[in-house]
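Let's take a walk through this one, starting with the overall layout and ending at the surface. Keep the viewer open as you read.

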Amino acid sequence: MNQYSEEYHDIIEELKPMINEPEFNKVLDQVASAILKQKRFLLKMELIRLACPCIRLIDLPSLVESNFRLNEHQGKYTF
């Protein structure tokens, strides 16, 4: 977690579930009204970044001794 996320952790946690809601900008302005407009923009960008799906593959078979099967999810193959 970066320094910015740590500084506004409580606000980020409160707003995370609302990122895809139509009234998100209005709620952001209400919750973060005490924050400077420039920092509020950065906060919004951090929330958008956190809401993006993760496409990073993790190589679990090399970490544990177990049988794995290959799965496909949204065109990506995983163990």
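What follows goes from the fold to a helix pair, then to the salt bridges and a surface patch.

One thing up front: this is a predicted model. The protein chain holds four helices and two strands, and if you read along the sequence you get the pattern α-α-α-α-β-β. Of the 79 residues in the protein chain, buried ones make up 20%.

Now turn to helices H3 and H4. H3 covers residues 24-31, while H4 runs over residues 37-51. How do the two sit against each other? Packed helices are described by the angle between their axes and the distance between those axes. Here the angle is about 130°, and the axes are 11 Å apart. That makes H3 oblique to H4, since an angle of this kind falls outside the ranges for roughly parallel, roughly antiparallel and roughly perpendicular. As for handedness, H3 passes H4 in a right-handed crossing.

The same two helices are also linked through their side chains: Asp29 and Arg40 meet in a salt bridge, at 3.3 Å from N to O. Asp29 belongs to helix H3 and Arg40 to helix H4, so this pair ties together parts that are eleven residues apart in sequence. Is each partner buried or exposed? Asp29 counts as partly exposed at 39% relative accessibility, whereas Arg40 is buried, with a relative accessible area of 18%. The reason for the split label is the cut-off: buried means under 20%.

In all, the count comes to four salt bridges. Side chains of opposite charge can pair when their charged atoms come close. Another of these pairs is Glu7 with Lys39, whose closest N and O atoms are 4.0 Å apart. This pair links distant parts of the chain, with Glu7 in helix H1 (residues 3-7) and Lys39 in helix H4, 32 residues apart. Glu7 is partly exposed, its relative accessible area being 48%, and Lys39 is partly exposed too, at 33%. Then there is Lys16 with Glu13, where the closest N and O atoms are 2.9 Å apart. Lys16 is partly exposed at 38% relative accessibility, and Glu13 is partly exposed at 37%.

Last stop, the surface. Phe41, Leu42, Met45 and Ile48 make a nonpolar surface patch of about 360 Å². Leu42 lies in helix H4, and with a relative accessible area of 45% Leu42 is partly exposed. A patch member needs over 30% relative accessible area, so Leu42 clears that bar.

Notes. Residues are numbered from 1 along each chain as its sequence is written. This is a predicted model: local features need pLDDT of at least 70, side-chain atom pairs count only at pLDDT 80 or more; totals for chains, interfaces and linings use all residues. Side-chain values use heavy atoms; hydrogens and water are left out. Patches are made of residues with over 30% relative accessible area and no salt bridge: like charges are joined within 9 Å, nonpolar side chains (Val, Leu, Ile, Met, Phe, Trp, Tyr) within 5 Å. Accessible areas come from the Shrake-Rupley method with a 1.4 Å probe; for residues, only the protein chains shown count as cover. Buried means under 20% relative accessible area, exposed over 50%, partly exposed in between (1.4 Å probe, protein chains only). Axes are lines fitted to C-alpha atoms, for helices over the stretch in contact, and angles run from 0 to 180 degrees between N-to-C directions. Angles under 35 degrees count as roughly parallel, over 145 as roughly antiparallel, 65 to 115 as roughly perpendicular and the rest as oblique. A crossing is left-handed if the near helix is turned anticlockwise from the far one by less than a right angle, and right-handed if clockwise.
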